[in-house]
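Visitor: Could you take a close look at one spot in this model for me, and then walk me outward from there? I work at the bench, so plain words about what sits where would be great.

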Amino acid sequence: MTESTEPLSPRARLAVTAGKAAAAVSRAAGRGSGSVIGGRVALKLDPDLLARLAGHLDVVLVSATNGKTTTTRLIAEALRAGGPVVSNALGANMPAGITSALAGGSDARYGVIEVDEKYLAGVARDVEPKVIALLNLSRDQLDRAAETRMLAEHWRTGLEGSKATIVANCDDPLVVWAASSSAHVVWVAAGQEWKDDAWSCPACGGVLQRPDDGFVCGECGFARPQPTWVLSGDHVLDPHGSAWPIHLQLPGRANKANAASSAAVAAVFGIAPQVALERMYSVAAVAGRYDVVTYQNRELRLLLAKNPAGWLETFSLIDPPPTPVVLSVNARGADGTDTSWLWDVDYTRLAGHPIAVIGDRRLDLAVRLEVAGLEFTVHDTLQQAIGALPPGRIELIANYTAFQDVRRVVGN
Amino acid sequence: MSDTSLRVVWIYPDLLSTYGDQGNVLVVERRARRRGLKVDRIDVRSDQPIPTSGDIYLIGGGEDRPQRLAAERLRRDGGLQRSVNNGAIVFSVCAGYQILGHEFVNDLGNPEPGLGLLDVVSVRGEAERCVGDVLADVDPALGLPELTGFENHQGVTHIGPGARPLATVRLGKGNGIGDGNEGAWNDTVFGTYLHGPVLARNPLVADHLLKLALDVNALPPVDDRWYDALRAERIASAAQPA
Ligand SMILES: [Zn+2]
């Protein structure tokens, strides 16, 4: 797929130009990066544009409920060892944003593309990817009716017959179900901390038995496949059994898992794990996530958690008590307007931390924490919350729009 | 209630716990403990028998296929029906509410028998999914303040003569018939379409379940500051045009 294909048709070129113009206008009008609106204009002029832009690239698609933006970044860094990369690094992950990102990479060799879960099958049809990385699937924004199991089914039918190599997490039963209709799968034992969406067998509905880290259905035999790549503590084991150390600036087990999957993707392109992993160290923050900022004489670490699985992974990476924690939750359109997911998060894990609560839906959080038996304070603004906490390191965990609010306040 | 502790049974968390409804279990447990009661919480997976010794049974919402599987397994098990015949309290939400009725429409589009513990029959609505905040006035016979919650379903539920509407919506769709009814109840069995979770938004409903289980008319007061603040905010926000 690396051989150069025919140049863009006049129509496609016009579409790219029109898209760039629209993006420039949108930027000038102060409406963000303009990448989405640019892509939308371009796609309207030439609906096949995405396919044509991807035609000369080795494409990797990355999808998951959590970690897709970070993993896209890690894979992009790794593949730069082999040539120029174009990527939708800012997380514009629907077709318009993807088109816009690819339009800026005419001399790239690789396209590393984060794709929203709901669009994965369609984008995979359009761009004929060489690799598709599937990390995890769990409940997210439920009032938008994207039911997790249906999503797994959608992936499964959409990927059936795909020529791509699927790099998939063998520890997530829904991902295994989605990937196992494909001919070429590389299984990565990347772990799964959140198990509540996968107690019933995706194949037959039987109860999954989950001994240790495996899973098996007593009724139909659906079971965890044997991995060829394994995340083992701070190392990734490659298919030859060699252990490579993972050194990341990004914190937490989940990011080690993302690195392991990224190393497996890089290996498909002939990039050795040690080379890939070394390059991943350069990633310090992803669209503001994991950034540490100084604010009101405190060191504030900004952590994004959008759904129960994300919150659980985040609790496992924060500094231990007595490090204070600020929690912020909104329920605007991009967050999902239903806050009931808060009750799927085990907040008792925060016992011992001083807790301050902010955000549009701070009262939902307050009741949640009261029922969890925790001590906490509630504040109208970030400034007040920080002022109530001692100097030093503070962990701040927020969901999507709440995170953007915080970035604006701290000037990040 | 056994001699020593209140037994709260959570039915099938592996199948029916999609929309934060385990919060209902947590709220019942917490409010009982705050009254100094000992609580025995029993989570029953769908490959385990339903214990018949429970005082309060809670059952939540879920996706379409797990709902069918849950109905099949509950019918086969029979424990919940026996418990209700012995006077147990049941509080159910959404998919769980439909399962307690005589019949609902399953993921294959076919009528699926329920447990017949509530005199209701559910079909699938033709209109678009009901999603959003709900505000509803509770059946005056229950003496409870207005309900606030969040609905997300496509069900339409008809109430027979053996049950009464739990509430009348001021905002939202509820049972989806168009008559404003939301949920259903008889003496000891309650069903609602409301998530939120509904008992966190309406702690006095949780207390009502506790009173029924304990067979008392009143409970010692607890600190409801945060519940009250949340209720006031959600009710005010629902009353405001979007
Ligand atoms: Zn099975």
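Guide: Happy to! Let's begin with Ala287(A), which is partly exposed at a relative accessible area of 27%. Please keep in mind that this is a predicted model. Ala287(A) sits in the loop that runs between α10 (273-280) and β12 (292-295) of chain A. Its backbone deserves your attention, as phi of Ala287(A) is near 50°, a positive value in a residue that is not glycine. Most residues other than glycine have a negative phi.

Chain A offers another case of this kind. Glu128(A) has a phi near 45°, again positive in a residue other than glycine. Glu128(A) also belongs to a loop, the one between α6 (120-127) and β4 (131-134) of chain A. With 52% relative accessibility, Glu128(A) counts as exposed, because the cut-off for that label is over 50%.

While we are on the backbone, let me show you two peptide bonds. Most peptide bonds are trans. Pro321(A) and Pro322(A), however, are joined by a cis peptide bond with omega of about 10°. You will find Pro322(A) in the loop between α11 and β14 of chain A. In chain B, a cis peptide bond joins Gly196(B) to Pro197(B), with omega of about -10°. Pro197(B) lies in a loop too, between β13 (189-192) and α5 (198-201) of that chain.

The loop of Pro322(A) brings us to the helix before it. Eight of the eight residues of helix α11 (residues 308-315) of chain A are buried, so this helix is largely enclosed by the rest of the structure. Among those buried residues are Trp311(A), Leu312(A), Glu313(A) and Phe315(A). They pack against α9, β13 (298-304), β14 (325-328) and β17 (392-398) of chain A. Helix α5 (residues 95-103) of chain A is likewise largely enclosed, because seven of its nine residues are buried. These include Ala96(A), Gly97(A), Ile98(A) and Leu102(A). Across chain A as a whole, buried residues make up 59% of the 412 residues.

Helix α9 has another partner as well. Helix α4 (residues 68-79) and helix α9 (residues 253-268) of chain A pack at about 40°, their axes 9 Å apart. The two are therefore oblique to each other, and their crossing is right-handed. On the α4(A) side, Thr70(A), Thr71(A), Leu74(A), Ile75(A), Ala78(A) and Leu79(A) take part, meeting a set in α9(A) that includes Asn255(A), Ala259(A), Ser262(A) and Val265(A). The spacing of such contacts fits a helix, since residues three or four places apart point the same way.

A helix pair also spans the two chains. The axes of α12 (residues 362-371) of chain A and α1 (residues 22-34) of chain B come within 9 Å and cross at roughly 60°. That makes α12(A) and α1(B) oblique to each other. Arg368(A), Glu370(A) and Val371(A) make the contact from α12(A), while α1(B) brings Leu26(B), Val27(B), Arg30(B) and Arg34(B).

Since you work at the bench, you may like the metal site. Four sulfur donors hold the zinc ion, namely SG of Cys201(A), Cys204(A), Cys217(A) and Cys220(A), at 2.3 to 2.4 Å. The angles between these donor atoms run from 98 to 115°, so the arrangement is tetrahedral. Along the sequence the donor residues follow the spacing C-x2-C-x12-C-x2-C. Cys204(A), in the loop between β6 (185-189) and β7 (208-209), and Cys220(A), in the loop between β8 (216-217) and β9 (229-232), are 16 residues apart, and this pair links distant parts of the chain. Both are partly exposed: Cys204(A) has a relative accessible area of 29%, and Cys220(A) has 41% relative accessibility.

Let's finish in chain B. Asp133(B), in strand β8, is partly exposed with a relative accessible area of 21%. Setting aside residues up to four places away in sequence, Asp133(B) touches Gly149(B), Phe150(B), Leu171(B), Gly172(B), Arg201(B) and Arg234(B). Glu146(B) lies in the loop between β8 (130-138) and β9 (147-153) of chain B, and is partly exposed at 25%. Beyond its neighbours within four places in sequence, Glu146(B) is in contact with residues including Asp137(B), Arg170(B), Asn202(B) and Arg231(B).

Key:
Residues are numbered from 1 along each chain as its sequence is written. Chains are lettered from A and ligands numbered from 1 in the order in which they are written. This is a predicted model: local features need pLDDT of at least 70, side-chain atom pairs count only at pLDDT 80 or more; totals for chains, interfaces and linings use all residues. Side-chain values use heavy atoms; hydrogens and water are left out. Donors are N, O and S atoms within 2.8 Å of the metal (3.2 Å for Na, K and Ca); water is not among the atoms, so sites may look incomplete. Four donors count as tetrahedral if all angles lie between 85 and 135 degrees; four count as square planar and six as octahedral if opposite donors are over 155 degrees apart and all others between 65 and 115; anything else is irregular. Helices (H or I, at least four residues) and strands (E, at least two) are DSSP runs, numbered from the N terminus. Buried means under 20% relative accessible area, exposed over 50%, partly exposed in between (1.4 Å probe, protein chains only). Axes are lines fitted to C-alpha atoms, for helices over the stretch in contact, and angles run from 0 to 180 degrees between N-to-C directions. Angles under 35 degrees count as roughly parallel, over 145 as roughly antiparallel, 65 to 115 as roughly perpendicular and the rest as oblique. A crossing is left-handed if the near helix is turned anticlockwise from the far one by less than a right angle, and right-handed if clockwise. Contact means heavy atoms within 4.5 Å.
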